[in-house]
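The following exercises concern one protein chain. Please work through each task before reading its solution.

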Amino acid sequence: MKQMFFSTGNHWTGFLSRMALGLILLPHGLQKSFGWLGGYGFSGTMGYFTEVMRFPWLLSLLIILTEFVGALCLLAGFATRFWTIAVIFLMLGSIVTVHWQNGFFMNWNGTAKGEGFEYHLAIITLSLITLLKGAGKYSADKKIAIA
């Protein structure tokens, strides 16, 4: 089981895909966790998710943890497959609950009533690549797998 979960090759594909994924998710996690980069912080985000979106408290917490802790773990290459699965579910949930109604395209011109889901599909694809290939070079998973 350990080998299946942590195994990875010494390749650049997993390294580059998990680094891109972690670097893209981390600013969102910083917004939700600490209010950095124009975010609302932990309590503001939890309030929005639980009161406006009517998400359960635990789900709201898992969303924040996935974007912050998950991003850090992806950057370190720790439990990469677990975090990519969490990101896939996060993005699917985001598409279904918020972005589907806005169509495919992102709101580049600011003329639509919200963002579409093309970003989310790109993140899902990057997550699938990382899930299938593993963490790659310079990862904690690689060290755990050979220990």
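**Exercise 1.** Leaving aside its neighbours within four places in sequence, with which residues is Ser139 in contact?

*Solution.* The model is predicted: local features need pLDDT of at least 70, side-chain atom pairs count only at pLDDT 80 or more, and totals for chains, interfaces and linings use all residues. Residues are numbered from 1 along each chain as its sequence is written, and side-chain values use heavy atoms, without hydrogens and water.

Step 1. Locate the residue: Ser139 lies in the loop between H6 and helix H7 (140–146). Helices are DSSP runs of H or I with at least four residues, and strands are E runs of at least two, numbered from the N terminus.

Step 2. List the contacts (heavy atoms within 4.5 Å): Ser139 meets Thr8, Arg18, Ala76 and Gly77.

Step 3. Ser139 has a relative accessible area of 4%, so it counts as buried (under 20% relative accessible area, with exposed over 50% and partly exposed in between; 1.4 Å probe, protein chains only).

**Exercise 2.** Which helix gives the most to the largest nonpolar core?

*Solution.* Step 1. A nonpolar core is a set of buried Ala, Val, Leu, Ile, Met, Phe, Trp, Tyr and Cys residues joined through side-chain atoms within 4.5 Å. The largest one has 25 residues.

Step 2. Helices H2 (12–34), H3 (41–52), H4 (57–76), H5 (80–99) and H6 (118–133) each supply at least two of its residues. H4 gives the most, with 7 residues.

Step 3. Met91 is among the residues with the most contacts inside this core. Not counting residues up to four places away in sequence, Met91 touches Leu25, Tyr119, His120, Ile123 and Ile124.
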